[in-house]
Amino acid sequence: NDATVSNIAPTITLEATISPDAGPSQIFNTAVVSGVTEDNNSDNDTSTDSVNVIDVADLAIVKTPGTQTVRAGENATFTLTVTNSGPSTADNVAVIDDLPSGMTVVSAAGTNWTCTTPTAIRVSCTRPTLLPGVAEAITVVAKVGSGVPDATTLVNESAVSASTTDDDPTNNDDSADVVVQARADLGITKVHPVSPDPVLAGTNLEFTIDVINNGP
């Protein structure tokens, strides 16, 4: 302002957007006033206001497909999609995928995720942050045991968490079903020794019968 009349305090309203990754912290905003007229008291020309910032991020996880049919002895593939609806950046995001008895982990991977398999039936994936409005997927491949009975339903459960406060925990877990089909390709071969040939009538002849299961 070019001129301010004595004893009149004009008000300026300033609106600022807090960065999604600003918290948890305390933010300090400093304003300074100056003019061309000599100021005989510069001690009050600066003012600082502080704001306490907290983080809140609504994480959700969806596992697809919801239900799939897999032959015993073959692999099932799941896609775990984690979404942050914000408004803040989610910190220290972790996903746990627990397989049921009858399934074992084959692999787990996702862009910007670090995945490990602490046990044969658990997948653990982490990432430092997940920005608001972003969805990131993890692909988990698991093998169905060859001895799981036909028509068995296996339930695979997963959950997401973070160090950031989540204001809606109702969407932090999801599950998917695997309906097992038991299918086995059996084969048989029967042979007799090369000798004696021809065999003498009235004597014994031994046959070897081999049965094979080509799976799965």
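These legends walk through a few views of a predicted model.

**View 1. The whole protein, built from strands.** Start with the big picture: the secondary structure comes to 14 strands and 0 helices. Read from the N terminus, the elements go β-β-β-β-β-β-β-β-β-β-β-β-β-β. The radius of gyration is 34 Å, well over the 17 Å that the globule rule gives for 216 residues, so the protein is more spread out than a compact globule. Along its principal axes, the C-alpha trace spans about 135 × 30 × 25 Å.

**View 2. Surface and contacts of the protein.** Of the 216 residues, 25% are buried. The accessible surface comes to about 14000 Å², and carbon and sulfur atoms hold 52% of that. Now for who touches whom: take the contacts between residues at least 6 apart in sequence, and 70% of them join residues at least 24 apart.

**View 3. An open sheet of 4 strands.** Here the strand order is 3-5-10-7, and the pairing is antiparallel. Strand 3 (57–64) and strand 7 (103–109) sit at the edges with a single partner strand each, so one side of each has no neighbour in the sheet. On average, neighbouring strands of this sheet are turned by 25° against each other, direction ignored. As a bit of background, strands of a sheet pair through backbone hydrogen bonds, either parallel or antiparallel.

**View 4. Strand 3 meets strand 5.** Zoom in on strand 3 and its antiparallel companion, strand 5 (residues 75–87): 7 bridges join the two. To pick out one spot, look for valine 62, whose bridge partner in strand 5 is threonine 81.

Terms used. Residues numbered from 1 in each chain as written. Predicted model: local features only at pLDDT ≥ 70, side-chain atom pairs only at ≥ 80, totals over all residues. Heavy atoms only, no water. Pairing = 2+ DSSP bridges. Axes fitted to C-alpha atoms, helices over the stretch in contact; angles between N-to-C directions. Rg over C-alpha atoms; globule rule 2.2 N^0.38 Å. Buried < 20%, exposed > 50% of the residue type's maximum accessible area, 1.4 Å probe, protein only. Contact = heavy atoms within 4.5 Å. Areas by Shrake-Rupley, 256 points an atom, 1.4 Å probe, with all protein chains shown as cover.
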